[in-house]
Amino acid sequence: QVQLVESGGGLVQPGGSLRLSCAASRSIFSISRMAWYRQAPGKQRELVATITNGGNTNYVDSVKGRFTISRDSAKNTVYLQMNSLKPEDTAVYYCNVNGVDPVAFIRRDYWGQGTQVTVSS
């Protein structure tokens, strides 16, 4: 029943690094896009990074040059390498996968459970 499993969050000092992972159930197929979102308390959810099935990537301006999104298509896994972390990066990070439901045979979005990233000295 758990479709996406996230890991890698934690507490890190400013300037530090974290690597987030999100493993989607291998039964989800025809994945077209994988993405990372984040949400800080009192703020709306923000799209951080995306990667398409063709390997094209996009980032929100605030993380360009610091974050890298990547994927392992064979494992249905998406990663977010986060370097030079800043306090303003503190948020709950959610992975998102657009793919075909193996039961209903319809395309839909799947969401991870969220993982807390805290950047503080």
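This is a short chat about a disulfide and the strands around it in a predicted model.

Biologist: How many disulfides are there?
Modeller: The count is 1 disulfide. C22 and C95 form it, with their sulfur atoms 1.9 Å apart. That pair falls within the 2.5 Å cut-off.

Biologist: Where do C22 and C95 sit in the chain?
Modeller: C22 is in strand β3, residues 18-24. C95 is in strand β9, residues 91-100. They are 73 residues apart, so the pair links distant parts of the chain.

Biologist: Which hand does the link of C22 and C95 have?
Modeller: It is right-handed, with 45 degrees about the S-S bond.

Biologist: Is C95 buried or exposed?
Modeller: C95 is buried, because its relative accessible area is 0%. C22 counts as buried too, at 1%. The cut-off for buried is under 20%.

Biologist: And the strand around C95? How many residues of β9 are buried?
Modeller: 9 of the 10, so β9 is largely enclosed by the rest of the structure.

Biologist: New topic. Which sense do β4 and β9 pair in?
Modeller: Antiparallel, over 8 bridges. Strand β4 covers residues 29-39. F29 has V100 of β9 as its bridge partner.

Biologist: What about β11?
Modeller: β9 and β11, residues 115-119, pair in the antiparallel sense over 3 bridges. One bridge joins V92 to Q116 in β11.

Biologist: And how many bridges link β9 and β10?
Modeller: There are 5, again antiparallel, and β10 spans residues 107-111. N98 has D109 of β10 as its bridge partner.

Biologist: What do β9 and β10 form?
Modeller: A hairpin, with 6 residues between the strands. F105 in the turn has a positive phi of about 55 degrees.

Conventions
Residues are numbered from 1 along each chain as its sequence is written. This is a predicted model: local features need pLDDT of at least 70, side-chain atom pairs count only at pLDDT 80 or more; totals for chains, interfaces and linings use all residues. Side-chain values use heavy atoms; hydrogens and water are left out. Helices (H or I, at least four residues) and strands (E, at least two) are DSSP runs, numbered from the N terminus. Buried means under 20% relative accessible area, exposed over 50%, partly exposed in between (1.4 Å probe, protein chains only). Two strands pair if DSSP finds at least two bridges between them.
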